[in-house]
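Me: Please take a close look at a single part of this model, a buried position in one of the helices, and then work outward from there. I would like one connected account.

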Amino acid sequence: MQNLPNLLITLAVGALGGAVFSKLKIPGGALIGAMVAVVLFRSFQATGEVMPSWLKFSVQVMLGVMVGYMFKPQMVGHLSQLILPVIISSLALVVTGVLVTAIFHKLGIMDTPTAYMATSPGAMTAMVGLASDTKANLPVVLAFHFFRLFTVMATAPLLLKFLKWSLGR
């Protein structure tokens with residue numbers, strides 16, 4: 001526990017960043033703000049220390065609990081009505097991830113686990129956690145998902161307006 005003071009400072013920096021982004025009403029502000037603040041904080045440190053495994057495990061369990069807690073029995077009825085679009089959409093995203101992974105690997109851009117975890121759809125927190133378990137390059141996976149999330153959030157309002165206008169709804 002020799003790095004406990006630095007870990008506590010890092011947690012405080014993350015909490016502050018999350019609070020600021022949430023206060024600014026940025027979608028996903030707590031997550032993105034914490035991440036941005038910690039990335040900035042860590043970029044000024046010369047340490048190569050990694051997150052303690054107990055903390056990584058605890059965060060993954062809490063995320064799993066949070067997602068599971070959102071489940072409502074009514075969701076099963078909604079899903080049964082949308083099963084075909086859900087399957088088609090999921091398969092299209094997985095196939096796209098596999099194709100992009102193959103391209104990146106063949107071009108020598110990155111190794112297979114990193115390419116697949118970086119290009120696969122999913123919540124950034126879940127994908128980064130999974131990437132850690134698959135020995136993928138975490139900074140690369142995180143950068144891909146952060147940029148994807150930022151791009152979607154930045155373009156969604158404009159694209160939704162365009163889609164409503166062009167599709168007439």
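Reply: Thr101 is buried, because its relative accessible area is 7% and the cut-off for buried is under 20%. The model is a predicted one, and every value here is computed from it. Thr101 sits in helix α5. Apart from neighbours within four places in sequence, Thr101 is in contact with Thr112, Ala115, Tyr116 and Thr119.

The helix that carries Thr101 comes next. Helix α5 covers residues 83–106, 24 residues in total. From its first C-alpha to its last, α5 reaches 34 Å, close to the 34 Å expected at 1.5 Å a residue. The buried residues of α5 are Gly97, Thr101 and Phe104. An α-helix has 3.6 residues a turn, so residues three or four places apart point the same way. The cover over the buried residues of α5 includes α6 (112–119) and α8 (138–167). After α5 comes Gly108, with a positive phi near 75°.

Phe104, another buried residue of α5, leads to the aromatic contacts. The structure holds two aromatic pairs. In one of them, Phe104 and Phe144 are edge-to-face, with 6.2 Å centre to centre and 70° between the planes. This pair links distant parts of the chain, since Phe104 belongs to helix α5 and Phe144 to helix α8, 40 residues apart. The two partners fall into separate exposure classes: Phe104 is buried because its relative accessible area is 18%, under the 20% limit, and Phe144 is partly exposed at 31%.

The other pair is Phe162 with Trp165, and it is tilted: the centres are 6.0 Å apart and the planes 40° apart. Phe162 and Trp165 are three residues apart in helix α8, which means about one helical turn separates them. Phe162 is partly exposed, with a relative accessible area of 45%. Trp165 counts as exposed because its relative accessibility is 68%, over the 50% limit.

Helix α8 also takes part in the largest pocket, as one of the elements that line it. The volume of the largest pocket is about 1,800 Å³. Its lining has 40 residues, and the closest to the centre are Val38, Met51, Val59, Val128 and Leu142. The elements giving two or more residues to this lining are α1, α2, α3 (53–69), α7 (124–133) and α8. Helix α3 gives the most, with eight residues. Sorted by class, the lining has 27 nonpolar, 10 polar and three charged residues.

Two loop positions can be set beside the buried residues. Lys135 lies in the loop between α7 and α8. Lys135 counts as exposed because its relative accessibility is 70%, over the 50% limit. The phi of Lys135 is near 65°, a positive value in a residue other than glycine. Most residues other than glycine have a negative phi. Gly108, which follows α5, also has a positive phi, but Gly108 is a glycine.

Leu24 is in the loop between α1 (4–23) and α2 (29–43). Leu24 is exposed, with a relative accessible area of 56%. Between Leu24 and Thr96 there are 34 Å in space, C-alpha to C-alpha, and 72 residues in sequence.

Last, the chain as a whole. Its secondary structure comes to eight helices and zero strands, and the order from the N terminus is α-α-α-α-α-α-α-α. The C-alpha atoms fill a box of roughly 55 × 45 × 35 Å along the principal axes. Of the 169 residues, 18% count as buried; Thr101, at 7% relative accessible area, is one of the buried residues. Among contacts between residues at least 6 apart in sequence, 47% join residues at least 24 apart.

To return to the starting point: Thr101 is a buried residue of helix α5, and its contacts beyond four places in sequence are Thr112, Ala115, Tyr116 and Thr119. The cover over the buried residues of α5 includes α6 and α8, and the pairing of Phe104 with Phe144 links α5 to α8.

Methods
Residues are numbered from 1 along each chain as its sequence is written. This is a predicted model: local features need pLDDT of at least 70, side-chain atom pairs count only at pLDDT 80 or more; totals for chains, interfaces and linings use all residues. Side-chain values use heavy atoms; hydrogens and water are left out. Helices (H or I, at least four residues) and strands (E, at least two) are DSSP runs, numbered from the N terminus. Buried means under 20% relative accessible area, exposed over 50%, partly exposed in between (1.4 Å probe, protein chains only). The expected span of a helix is 1.5 Å times one less than its number of residues. Contact means heavy atoms within 4.5 Å. On a 1 Å grid over the protein atoms alone, a cavity is a set of points where a 1.4 Å probe fits but cannot get out, and a pocket is an open set with protein on both sides within 12 Å along at least five of seven lines; lining residues have an atom within 4 Å of a point. Grid points are joined across faces, edges and corners, and a volume is the space filled by probe spheres set on the points. Ala, Val, Leu, Ile, Met, Phe, Trp, Tyr, Cys and Pro count as nonpolar, Asp, Glu, Lys and Arg as charged, and the others, Gly among them, as polar. Rings of Phe, Tyr and Trp (its six-membered ring) pair if their centres lie within 6.5 Å; planes under 30 degrees apart count as stacked, over 60 as edge-to-face and the rest as tilted.
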